[in-house]
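Here are my notes on this one, as numbered points. Have the coordinates open while you read.

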Amino acid sequence: MRFSLIVPMYNESTIIRDTVRTLSAYLQARVGEYELIFVDDGSTDESADLVRQMAVPHCRVISYTPNHGKGYAVKTGMLEAAGDVVMFLDADLAYGTGVIEQVLAALEQHPERDLLIGSRVLHPEGYAGYTFIRKIASKIFIRILNLVGGFRLSDSQCGCKAFRLAVCRDLFSRVETEGFAFDFEILLWAQKLGYSIYELPVKIINHRESKVHVVRDTFRMLRAVAEMKKRMQ
């Protein structure tokens, strides 16, 4: 099974070399045929150059300017991928590398599953290391979005998602959201088109400060979801 891993990045020069080394070593040791695609979303630092200079096997960089947003970066990489399974992870590897084999095993053992999303809620230690306030805020944020979106998913915003290639191309070719709300649009399309969605329990391993402002971004997200649903009618 050929595997494609997409990593969006924006001004990640402080961590990106470690990310490249970690992913390259893991994929070479634990995954057969693979490609690793970093998508530089108009960074103003040297993120893209740092990845290119490392010249690791089966790795390439897609870069463009100006910055568009995480959704645009992920879409760009996902539509360039050629693996039987296509997955994206954030550059900080918040869920570690072991989640890759979990994803591949789940999709290989269950050919009826079209896409897989990580869920912190379903893992008994999914929120380990979160402050109490951040944990509650995250759960409220997800609950509100699910109510608006009409989902019964436990963690629609987890930054760990994988797709079979044909499903990936179908869904991402439809997505218009360029910002952080993009994965919600992906799930709306998946639900509308009748794709099967499987949730995999995952745990945050590498913590860094969240870029999400709960109050401000909840209202932004609700507006974005309303626009998505109107556009998809």
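**Notes on the predicted model**

1. Let me start inside: Phe184 is buried, since its relative accessible area is 0% (buried is under 20% relative accessible area, exposed is over 50%, and partly exposed is in between, using a 1.4 Å probe and protein chains only). This is a predicted model, in which local features need pLDDT of at least 70, side-chain atom pairs count only at pLDDT 80 or more, and totals for chains, interfaces and linings use all residues. Residues are numbered from 1 along each chain as its sequence is written, and side-chain values use heavy atoms, with hydrogens and water left out.

2. Phe184 belongs to helix α7. Its C-alpha is 9.4 Å from that of Ala224, although the two residues are 40 apart along the chain. (Helices are DSSP runs of H or I with at least four residues, strands are E runs of at least two, and both are numbered from the N terminus.)

3. The rest of α7 is mostly covered as well, with nine of its twelve residues buried. Among them are Phe182, Ile186, Leu187, Leu188 and Trp189, and the buried set also includes Asp183 and Glu185. The helix covers residues 182-193 and reaches 17 Å from first C-alpha to last, close to the 16 Å expected at 1.5 Å a residue (the expected span is 1.5 Å times one less than the number of residues). Right after α7 comes Gly194, with a positive phi near 80°.

4. For the overall picture, the protein chain has eight helices and seven strands. Of its 233 residues, 52% are buried. Take the contacts between residues at least 6 apart in sequence: 77% of them join residues at least 24 apart (contact means heavy atoms within 4.5 Å).

5. Now the helix pairs. At what angle do α1 and α4 cross? The axes of α1 (residues 16-30) and α4 (residues 98-109) come within 10 Å and cross at roughly 40°. That makes α1 oblique to α4 (under 35 degrees is roughly parallel, over 145 roughly antiparallel, 65 to 115 roughly perpendicular, and the rest oblique). Axes here are lines fitted to C-alpha atoms, for helices over the stretch in contact, with angles from 0 to 180 degrees between N-to-C directions.

6. The α1/α4 crossing is right-handed, i.e. the near helix is turned clockwise from the far one by less than a right angle (anticlockwise would be left-handed). On the α1 side, Leu23, Tyr26, Leu27 and Arg30 meet Gly98, Ile100 and Glu101 of α4. By class, that contact has four nonpolar, one polar and two charged residues (nonpolar: Ala, Val, Leu, Ile, Met, Phe, Trp, Tyr, Cys and Pro; charged: Asp, Glu, Lys and Arg; polar: the others, Gly among them).

7. α1 also packs with α2: their axes come within 9 Å and cross at roughly 35°, and this crossing is right-handed too. Ile16, Arg17, Val20 and Arg21 of α1 make the contact with Ser47, Leu50, Val51 and Met54 of α2. The classes split into five nonpolar, one polar and two charged.

8. Finally, some backbone spots to look at. The Thr65 to Pro66 peptide bond is cis, with omega near -5°, and Pro66 sits in the loop between β3 (59-64) and α3 (70-80).

9. Asn11 is not a glycine but has a positive phi of about 55°. It lies in the loop between β1 (3-9) and α1, and is partly exposed at 28%. His58, also not a glycine, has a positive phi of about 60°; His58 lies in the loop between α2 (47-54) and β3 and is exposed at 52%.
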